[in-house]
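Got the viewer open? Let's take a short walk through this model, one selection at a time.

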There are 4 protein chains.
Amino acid sequence: MLLREEKVFKDPIHNYVHVQDRTIWDLINTREFQRLRRIRQLGTSYLTFHGAEHSRFSHSLGVYEITRRIISQFERHHLEEWAVEDRLVALCAALLHDVGHGPFSHSIEDAFQVHHEDWTCRILLEDTHIRAVLEQVSPDFPEQVASVIQKTHPHPIVVNLVSGPLDADRMDYLLRDAYYTGVHYGTFDLDRILRVLRPYQGRVVVKESGMHAVEHYLMSRYQMYWQVYFHPVTRSSELLLRFIFQRAKELYESGYRFRYFLPPLEALFENRMDALSYIQLDEAFVQTMFMQWMNEEDSRLAELCQRFMERRLYKYVEVDYLDEERMEYLRRQWINAGLDPSYDLWFDVPTDMPYDVYRAGDKPTLQHIMLLSDYQQELVELSKKSDIVRSISGLHRGKHYIYFPMDKVKQVMPVLSKETCHLLKLT
Amino acid sequence: MLLREEKVFKDPIHNYVHVQDRTIWDLINTREFQRLRRIRQLGTSYLTFHGAEHSRFSHSLGVYEITRRIISQFERHHLEEWAVEDRLVALCAALLHDVGHGPFSHSIEDAFQVHHEDWTCRILLEDTHIRAVLEQVSPDFPEQVASVIQKTHPHPIVVNLVSGPLDADRMDYLLRDAYYTGVHYGTFDLDRILRVLRPYQGRVVVKESGMHAVEHYLMSRYQMYWQVYFHPVTRSSELLLRFIFQRAKELYESGYRFRYFLPPLEALFENRMDALSYIQLDEAFVQTMFMQWMNEEDSRLAELCQRFMERRLYKYVEVDYLDEERMEYLRRQWINAGLDPSYDLWFDVPTDMPYDVYRAGDKPTLQHIMLLSDYQQELVELSKKSDIVRSISGLHRGKHYIYFPMDKVKQVMPVLSKETCHLLKLT
Amino acid sequence: MLLREEKVFKDPIHNYVHVQDRTIWDLINTREFQRLRRIRQLGTSYLTFHGAEHSRFSHSLGVYEITRRIISQFERHHLEEWAVEDRLVALCAALLHDVGHGPFSHSIEDAFQVHHEDWTCRILLEDTHIRAVLEQVSPDFPEQVASVIQKTHPHPIVVNLVSGPLDADRMDYLLRDAYYTGVHYGTFDLDRILRVLRPYQGRVVVKESGMHAVEHYLMSRYQMYWQVYFHPVTRSSELLLRFIFQRAKELYESGYRFRYFLPPLEALFENRMDALSYIQLDEAFVQTMFMQWMNEEDSRLAELCQRFMERRLYKYVEVDYLDEERMEYLRRQWINAGLDPSYDLWFDVPTDMPYDVYRAGDKPTLQHIMLLSDYQQELVELSKKSDIVRSISGLHRGKHYIYFPMDKVKQVMPVLSKETCHLLKLT
Amino acid sequence: MLLREEKVFKDPIHNYVHVQDRTIWDLINTREFQRLRRIRQLGTSYLTFHGAEHSRFSHSLGVYEITRRIISQFERHHLEEWAVEDRLVALCAALLHDVGHGPFSHSIEDAFQVHHEDWTCRILLEDTHIRAVLEQVSPDFPEQVASVIQKTHPHPIVVNLVSGPLDADRMDYLLRDAYYTGVHYGTFDLDRILRVLRPYQGRVVVKESGMHAVEHYLMSRYQMYWQVYFHPVTRSSELLLRFIFQRAKELYESGYRFRYFLPPLEALFENRMDALSYIQLDEAFVQTMFMQWMNEEDSRLAELCQRFMERRLYKYVEVDYLDEERMEYLRRQWINAGLDPSYDLWFDVPTDMPYDVYRAGDKPTLQHIMLLSDYQQELVELSKKSDIVRSISGLHRGKHYIYFPMDKVKQVMPVLSKETCHLLKLT
């Protein structure tokens, strides 16, 4: 059902986000979707780039808007490979794909073994306002939308639209994160890419004439990963978060009595959350807990929370390699100096970084970008045509870092070996 | 003392914020300054413009950077009216001028009679990390910086730089708020204005050749006020906040036992905060309290918190006038209908809006923008020279609004008079 | 007839200009339209703002694109007041409205009594490639398009779209001229304005909710006129042009034999051009003539051409008033000093400036911007609702300038009165 | 000598260009420098990207401004490796480095064997206004500036600043060409790069911490070359120019009497130009000649000029390879069909394209970008550290194109072989 009059949201990236369907409007107004205003899009990156305070709410609207524009282009050109009845399910999946993100997702997911995709589906399917809105379309509509998230929807093009190598998600976040951080890397020609996307054989492909715009997009992505998403200062703040969650969980499991504790934590620690308790977890809540815990009796928890809230991060040094021997040597040095290697030391090796690189491949899968030649007869995988994409395909900047609390380490310098001091650039 | 090497912050508005002084660097790293990351620059405006999630931390860095650029220009041109020894005190005051802002300042200040300027001074002067850093410059340096905030510093030009009609504060927030909301109104030519500022007779004046850039700045300001800062949706969300704070205070004073309560609240409610407890108040804390209070026994408090957290705001209608008679009539209608006019109804009249308009005046004060003629002989107040500034000087868009919870009012429509329904555009 | 595939032009203002109709494509490829590449959009403004080298070709594509977007919005919303059969005629008129502009139009039109609107119609109707393309639509199509330019087309909304107070022409040139000069004044929210335009009672009106965007557009226009279009340095260069054309015409009419002369000039001087000879006049041609005339025997013509080509412009002073007495006094001073007041002196008074101001009026005409209230019942003229538009309506910055060749005047300073020297700020 | 007051030019790329030295101001006002307003920065690219109408005048100011900013940074940091007395010579060389460019340089240089670098030096050293201004600094100052252009100046860092792998020339043109064409590829973080440049051992090097900004710059350059500078439509228009110059020269040398001819051509054809006649050659002049030649008796010259002025370019097809056999085959086909392969056919092979690629190398030369490690002890060539630069180093997109006049070729299709028709995609 269409709204009587189109509604718009003012947006710095897309200028306006246009809403025409009542279902979309109602979904945006659910409490579960509004909660995304309290989850930052880039987690702790705001501690590196102070402008990066934007929320997943903004990003989700942006993903919806890009999807809307792609579909509207498909329909304006009467492209036969696109089924109009897939429009609403695709738009809903685009809007809701991140609704299951928890506070500081990457760190909390590691500590508590939760997965935001699972939570997205639970929020669509359990007893939530979102489910109620979706059910007004049809009783099985919540399941339909969830199947797009789970990549099991019977029409592969819908899945490919929402999570493929040129999906609306990635296009929005590169542009948005570049805008809010203020870096220049993330800009590419979105209009051009949208103009050359075509539905073809159950996937979204690119007209060959748009190859250069796609090259530019992939180079932006490469730069954003290494300059923004994996910035060592951001890694350092994520590390603190991980340590905090880990410590709090250990304490809880060991029967420690917290001075400050609020109900939603119990469900989290005991791993028995439902959708309703889950959506109470937001970054305001986590920060407030940390603020209180700065005065906890457990000195490790208190210290970690103070460091996070006051941004006294661990320092990092880049080293040429990190093998088991070197790591073991440092751990022993730490113990000798009275430091705890499980909290006062961390090694970051490239294979740990979730780099969403574009990889060429001999057997094209749905994760490959396919070019459609002008005569519309054949699909060719992008790196076959593009020298520059072939050059950077699979390229992985493997830097090794050691993180540690400089203030504490400086105090024990006399006990450390010369080699260690040299490696850590202590002076 | 200068840093061994200049440090920079990447910033979307100024591209980079440059830090050269150790004192500035240390101030930024205090916990009191880091707390500003958890206070939004535009309070609840993010509920109207979803991009407006930027913090006072970002803005404070921006104000510092603009001040630094103005002073550096003064010094590069060896302008005699500027005393180099005022540099550091001006930079510190610029950086710290907002450090006393509480969560959702405008609303909380009304409810609890706190003033952020007072708190800024207390944070500079009480036992804080900021005070400790400032004291390293000289024992009376904290007082010096505070005197700039209080506008009592002996050199009026320092005060004028930090809070005058063309101060760094306003210039940064117009540009920054325009960028983050995505509106186009707030852009003006900052570089041009900075180039034409001159220290002259104890104030910052503008070279006459820069008049057009200043006109543009004032028009931007005019538009930002009415299009962004006083947007009725934002006013509606501030209203909810004010009601929540008011209700919670009433309950506390009446001895109500809150199910959910965290320590800093007590000091707030009892009006006996010191700087250390004050800085525990941030927006994460306030939102977490509201989240918990959604389940409070007091149904009014619970309702208001739910509305705020789920963004179910009061609706507004614009009306042609609002006099005491009409307001009284509506209050009575409310009571007849079983609604509480002190919580379910609100009138917004233009005189309540803190519009920081530029006003011409016959007797130029420090709040006037003065043009310095090319021959450097005379100062003329801007509106004397600029037709457009004279035209909009003091212009005040007086719209009258009524706010009310549409869902509840719709249920009592049968009891309301025809006139009321017509006025509120109920159908 | 639609093109098999949409064509695009990369454009800095609109990102892409989209062409879907074969007629539009063919018109762009005519030699008459291609000639616009050799006519600058802003005449001599590039001598003030070096970036302003953009052509009327770019601008014409922009006007077409904005018109296309407005119409496409009308049609997407199935607005009954818009007749789909008017689409092509409106697009062609938008594209071609400037095709009759000569080189440095404003100056040449004064000297030779030509009017670009007349020439636009002649180029549409005489034996040109453009006429041939238009005739392929229907035999009377050239006349239809011309009638839009002449404002006699039977459907007033088509005329209003191409030349009304919010027409595509003005919207494109404000944005484009701001972009190429690099000034910030000209930016407004084009997308927003396009979204709120409606066809209504034979004119293009604005939904009331878009009032602020229109205010912003009018303020941009005000600033662009006084900061860019009427910049005194640009006026000074136009003055030289006018003098050159005037001198050359005088010489021709007096039987002077030019050393350098190319065919199209003859038709121009003898006022017997047809469309084919007219389109040979472009700015390359005019500049080349001037370049040659730098070596003409007539020293006045040679001097003026040298000044223009080498940008040695007349200086200007702003004076408080210019009445007949003062002007006469200066002319006499000039004669006394052996200067020629008809070439070495010029007075610029505000009434000479073609300021396209927005004027409120009691009787709304097609030149007024009308707001359509939300209930779609009544039209109100903009300044009735907008304080700021009312304030600046009809506002005219009347500055008086005197222009003169500083180098020559300096040499005769001893002969000039003290008063004259003071007025002209000679030292 | 410094100006009494700094002067500025409004510039879309750098916002303002700042002039502080009288010498720079006077140079800008010479007729030789003003002539650059009539030479487009990108030659015929405006026929592909209509916005690219910007002049070498704008670009030259931009190169000057970037150089000024680099030097000012060197001096602000009191860097010892930079000699303050080199400032003015570097600024003059930066400003003037392009002053010898002729109209549509790339095409005219091929036809007439002129080199713009030679002409730059002649304009500095012959009897010009520029020479007169430079001599006011000191009698040998013109030679000093020329020696920077010729890369023989005794201080290699001055040469490296004006023409090195990270020189002000390239940085300005990438940003400026991207802005005026409207493409997104050319943007990189200029401020960041300027901040990390250091004078070191007679060259400009980059602090290692700025590596990513330099990577981004090189990727922009890569994209600009293949997407803008070597765009096949631009190549096609350059081809026409080359054919026109070649034909006119042949005719002149064979004693043909031109109907339309202006003095500067003679000197050009007879290869006996001096600086004064050279500067009369500008693009207005060339276009005016072409306009007249559209009516020349020689039908080939007339046809080529009509094609250029009316933008009826040769079409192109991309082919998989072009060896001597295939080219010879096509030339014979052309002759059979009555076409002239020396004017109606052109082959473009990658090795003809002057791609200014960044190449890594084992022996670092002045054309390599060197990183300075944080401890300031060693220089490392960029590609040793940067995976992505190593990947694209020397990468050359070798496409082969055939150009031909489609209208004429279509008419002789029956005579052409099936193979030819297939290769040229004729249908």
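Before the first stop, a word on database labels: UniProt positions are given here in the numbering used for this model, feature names are shortened, and an annotation may be inferred rather than shown by experiment. One more thing to keep in mind is that you're looking at a predicted model.

**Stop 1: chain A and its domains.** Select residues 56–174 of chain A; an unreviewed UniProt entry lists them as "domain: HD". Colour by secondary structure and you'll find that this stretch is 66% helix and 0% strand. Now pick out the C-alpha atoms at the two ends of residues 56–174: they are 13 Å apart.

Next, try colouring by domain. The domain assignment splits out domain 1 of chain A, residues 2–231, and domain 2 of chain A, made of 315–357 + 396–427. How far apart do the C-alpha centres of these two domains lie? The answer is 38 Å.

**Stop 2: bring in chain B.** Show chain B alongside chain A. A turn of 180° with a shift of 0.0 Å along the axis lays chain B on chain A, with an RMSD of 0.1 Å. That is the relation of a two-fold axis. To find the axis from chain B, go to A284(B): its C-alpha is the nearest to the axis in that chain, at 2.0 Å.

**Stop 3: where A and B touch.** Select the contacts between the two chains: 32 residues of chain B meet 33 residues of chain A. On the chain B side, β1 (2–11), α2 (31–34), α3 (56–76), α10 (168–181) and α16 (283–293) each supply at least two residues. Which of the elements gives the largest share? That's α16(B), with six residues. Colour this side of chain B by residue class and you get 12 nonpolar, 12 polar and eight charged residues. Every interface residue of chain B (100%) is also an interface residue in chain A, so the copies meet through the same surface.

**Stop 4: a sheet in chain D.** Jump to chain D and select the strands of an open three-stranded sheet, in the order β5-β9-β6, with antiparallel pairing. β5 (315–319) and β6 (346–348) of chain D are at the edges with a single partner strand each, so one side of each has no neighbour in the sheet. From one strand to the next, the twist averages 25°.

Zoom in on β6(D) and β9(D), residues 400–404, which three bridges join. Here F347(D) sits opposite I402(D). Finally, add helix α13 of chain D, residues 232–253: this helix packs on the sheet and touches β5, β6 and β9 of chain D, with its direction at about 50° to that of β9(D).

Technical notes:
Residues numbered from 1 in each chain as written. Chains lettered and ligands numbered in written order. Predicted model: local features only at pLDDT ≥ 70, side-chain atom pairs only at ≥ 80, totals over all residues. Pairing = 2+ DSSP bridges. Helix = DSSP H or I, 4+ residues; strand = E, 2+ residues; numbered from the N terminus. Axes fitted to C-alpha atoms, helices over the stretch in contact; angles between N-to-C directions. Contact = placed C-beta atoms within 7 Å. Domains from an automatic or database assignment. Least-squares fit on C-alpha atoms with pLDDT ≥ 70 in both. Nonpolar A, V, L, I, M, F, W, Y, C, P; charged D, E, K, R; others polar.
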